[in-house]
Amino acid sequence: MMNKLLPFLLFLSAVFLPSAVQAADVGIPALTLTTTEDGSTNYSVTLQVLALMTMLTFIPAMVMMMTSFARIIIVFAILRQALGLQQTPSNQIMVGMSMFLTLFIMTPVLDKVYADAVQPYISEELTVIEAFQQASGPFRDFMMLQTRESDLGLFMKISDTPAVDSPEQIPFTVLVPAFVTSELKTAFQIGFMLFIPFLVIDLVVASVLMAMGMMMLSPVIISLPFKIMLFVLIDGWALVIGTLAASFGI
């Protein structure tokens, strides 16, 4: 897991450590903007720390809204409901599984961020702003591949965004909600397909109990062991996780 988080950790350390070391020698300026020879702007360590603290508040939202996390957690929740298990697996286990599976699926994106943004910045080939722009590219490409054209067109119409010539010109304020909408649709489609076999078992058990005159006995009590047994026999967890990974093109 640390290897996959290394791009973000190195990126943050590369952004803030050099400025902090320099500030230790000359004192920390309050709010300073320095224009370099090529026209770019360097920000003082105070502004960089302020930007970091602000960005940290958005990390949970970014993980949920800009990665594969939303689709995975929704499918797991629907699967638990289809099995008839209210608290098993627990919410903590489901979130943990979703986080690690998200990390697995997003590994190519994180590796590209490290190669295109973190490493060049460490080598002093890119400025802070350029590094952030390079880092946003792999996430944009990932979201574009998973976003339906109809959803993208809907949010472009709502926001009155003019037509663009390339995907790179689509603003994040349009791309992110379109991506989330597409993820919700895909998650519910997968969840519907998972729900059908368990629903059939419930119907069969309910019909048998009605035919035997056992109307007072809850069908859920009888069908639950059969659904768990079916799920285990077909290696259900491997099938669900494999389907989720394949849905992202892995």
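User: Which helix is Arg80 found in?

Analyst: Quick ground rules: this is a predicted model in which local features need pLDDT of at least 70, side-chain atom pairs count only at pLDDT 80 or more, and totals for chains, interfaces and linings use all residues. Residues are numbered from 1 along each chain as its sequence is written, and side-chain values use heavy atoms, with hydrogens and water left out. Helices are DSSP runs of H or I with at least four residues, strands are E runs of at least two, and both are numbered from the N terminus. Arg80 falls within residues 69-83, which is helix H4.

User: Is Arg80 buried or exposed?

Analyst: Buried means under 20% relative accessible area, exposed means over 50%, and partly exposed is in between (1.4 Å probe, protein chains only). Arg80 comes in at 13%, so it counts as buried.

User: Which residue's backbone oxygen lies 2.7 Å from a polar atom of the Arg80 side chain?

Analyst: Arg80 has plenty to touch: with residues up to four places away in sequence set aside, its contacts (heavy atoms within 4.5 Å) include Leu85, Thr88, Ser90 and Met94. The C-alpha atoms of Arg80 and Ser90 are 9.6 Å apart, with their positions 10 residues apart in sequence. The backbone oxygen at 2.7 Å belongs to Pro89.

User: How many salt bridges does a search of the whole structure find?

Analyst: Side chains of opposite charge can pair when their charged atoms come close. The cut-off here is a side-chain nitrogen of Lys or Arg within 4 Å of a carboxyl oxygen of Asp or Glu. With that rule, the count for the whole structure is three.

User: How far apart in sequence are the parts that Arg71 and Glu183 tie together?

Analyst: Their side chains meet in a salt bridge at 2.5 Å, N to O. Both ends are tucked away, with Arg71 buried at 1% relative accessibility and Glu183 buried at 1% too. Arg71 lies in helix H4 and Glu183 in helix H9, so the parts joined are separated in sequence by 112 residues.

User: Which residue's side chain makes a polar contact with the side chain of Gln146?

Analyst: Gln146 is in helix H7 (residues 128-146) and is buried at 12% relative accessible area. Beyond four places in sequence, its contacts include Phe179, Ser182, Glu183 and Phe248. A polar contact is a pair of N or O atoms within 3.5 Å; within protein, one must be able to donate a hydrogen and the other to accept it, and residues adjacent in sequence count only if both atoms are side-chain atoms. At 3.3 Å, the partner is Arg71.

User: Which residue forms a salt bridge with Asp151?

Analyst: Asp151 is buried at 2% relative accessible area. The closest N and O atoms of the pair are 2.7 Å apart, and the partner is Lys185.

User: How many residues apart are the two rings of the stacked pair that includes Phe142?

Analyst: Rings of Phe, Tyr and Trp (its six-membered ring) pair if their centres lie within 6.5 Å; planes under 30 degrees apart count as stacked, over 60 as edge-to-face and the rest as tilted. The whole structure has five such aromatic pairs. Phe142 and Phe248 are stacked, at 6.0 Å centre to centre with 15° between the planes. The pair links helix H7, home of Phe142, to Phe248 in the segment after H11, a separation of 106 residues.

User: What angle do the ring planes of Phe231 and Trp237 make?

Analyst: Both rings belong to one aromatic cluster with Phe76 and Phe198. Phe231 is buried at 7% relative accessible area, whereas Trp237 is partly exposed at 33%. The ring centres are 5.3 Å apart and the pair is edge-to-face, because the planes are at 85°.

User: Where is Asp160, the non-glycine residue with phi near 55°?

Analyst: Most residues other than glycine have a negative phi, and most peptide bonds are trans. Asp160 has a positive phi near 55° and is exposed at 66% relative accessible area. Its place is the loop between helix H8 (149-158) and helix H9 (172-211).
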